[in-house]
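Welcome! Please take a moment to look over the sequence and the model before reading on.

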Amino acid sequence: MQSLSPPTSLTQTRTASDTDKAMQKKTTVDLKIRTPQETEIDAILKLFEYEVRAGKMLPRYPDKIRKELDNWLVATDGDHVVGCVSLVFFDDDLCEVRSLAVDRAYRGHGLGSDLVKAAVQMAAGRGMHRVLSLTRAVSLFERLDFHQADVACFPEKVWRDCEPCPFRDCCDEVALVYYLDDSHH
Ligand SMILES: CC(C)(COP(=O)(O)OP(=O)(O)OC[C@H]1O[C@@H](n2cnc3c(N)ncnc32)[C@H](O)[C@@H]1OP(=O)(O)O)[C@@H](O)C(=O)NCCC(=O)NCCS
């Protein structure tokens with residue numbers, strides 16, 4: 001498996017000086033990344049509210065999330081859900097990092113990257129070989145050793161998601177892939 005350092009720590013405490021204004025009311029934050037509970041689905045949906053309303057993201061549906069809860073991770077600060085990510089599996093080789101979101105007050109401090117790292121670890125644990133991402137946050141993924149790719153190389157993705165997508169004629173997302181073994185290098 002290619003080197004990808006584990007999330008800084010799945011449980012980490014950062015001081016307020018590391019964080020932005022919205023977090024300065026607190027002296028510390030207690031960030032954890034873990035599988036969500038059903039009761040946290042509304043909080044997950046809230047993380048996408050702005051992007052969905054702005055037409056930058058397709059809506060996510062609670063029933064679908066409930067059915068696939070084991071494929072989701074949330075970042076929590078105490079009792080609060082402040083970030084999430086999910087994996088979507090195409091077959092026993094390829095999966096996709098999807099639904100990455102971080103509460104606006106917590107952005108820019110590496111939490112999004114930690115969620116992606118945790119999702120890659122989850123993919124490795126499920127025996128996957130390739131992890132795909134379609135994203136605008138290209139620098140975030142490239143820093144984690146994802147490599148830009150042509151989405152046409154992923155017919156599983158194109159046929160299942162891109163063809164029926166309402167944004168398909170104006171898609172500004174870039175495909176990137178992470179290889180979990182050395183056979184592709
Ligand atoms: C994308 C997101 C999860 C990043 O969370 P984060 O905690 O700020 O992530 P990190 O601190 O690890 O990394 C931030 C990097 O992502 C980049 N980034 C975030 N959103 C971006 C976007 N829409 N377009 C381009 N780059 C973006 C930032 O510019 C920053 O890069 P830099 O360090 O080179 O300046 C967060 O911005 C978010 O929730 N955005 C709205 C939801 C969304 O767009 N999700 C889709 C992403 S696949």
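The paragraphs below walk through the core, the ligand shell and two unusual backbone angles.

Keep in mind as you explore that this is a predicted model. A good place to begin is the largest nonpolar core, which has 40 residues. Leu73, Cys84, Leu115, Ala119, Ala123 and Val131 are the ones with the most contacts inside this core. Several elements give two or more residues to the core: the strands β2 (28–34), β3 (72–77), β4 (80–89), β5 (94–102), β6 (130–135) and β8 (174–179), together with the helices α1 (41–53) and α3 (111–125). The largest share, seven residues, comes from α3.

To see the core from one residue, pick out Val131. Leaving aside residues up to four places away in sequence, Val131 touches Cys95, Val97, Val120, Ala123, Val177, Tyr178 and Leu180.

Now turn to the ligand. There are 16 residues around the ligand, and Arg107, Gly112, Ser113, Thr135 and Ala137 come nearest. At least two residues of this shell come from each of β5, α3 and α4 (138–143). Sorted by class, the shell has six nonpolar, seven polar and three charged residues.

Finally, have a look at two backbone angles. Ser99 is not a glycine, yet has a positive phi of about 55°. Ser99 sits in strand β5, and counts as buried because 22 C-beta neighbours lie inside 10 Å. Asp145, also not a glycine, has a positive phi of about 75°. You will find Asp145 in the loop between α4 and β7 (147–148). With 14 other C-beta atoms within 10 Å, Asp145 is partly exposed.

Note on methods: Residues are numbered from 1 along each chain as its sequence is written. This is a predicted model: local features need pLDDT of at least 70, side-chain atom pairs count only at pLDDT 80 or more; totals for chains, interfaces and linings use all residues. A nonpolar core is a set of buried Ala, Val, Leu, Ile, Met, Phe, Trp, Tyr and Cys residues joined through C-beta atoms within 7 Å. A residue is buried if 20 or more other C-beta atoms lie within 10 Å of its own, exposed if 12 or fewer, and partly exposed in between; C-beta atoms are placed from the backbone. Helices (H or I, at least four residues) and strands (E, at least two) are DSSP runs, numbered from the N terminus. Two residues are in contact if their C-beta atoms, placed from the backbone, lie within 7 Å. A residue is near a molecule or strand if its C-beta atom, placed from the backbone, lies within 6 Å of it. Ala, Val, Leu, Ile, Met, Phe, Trp, Tyr, Cys and Pro count as nonpolar, Asp, Glu, Lys and Arg as charged, and the others, Gly among them, as polar.
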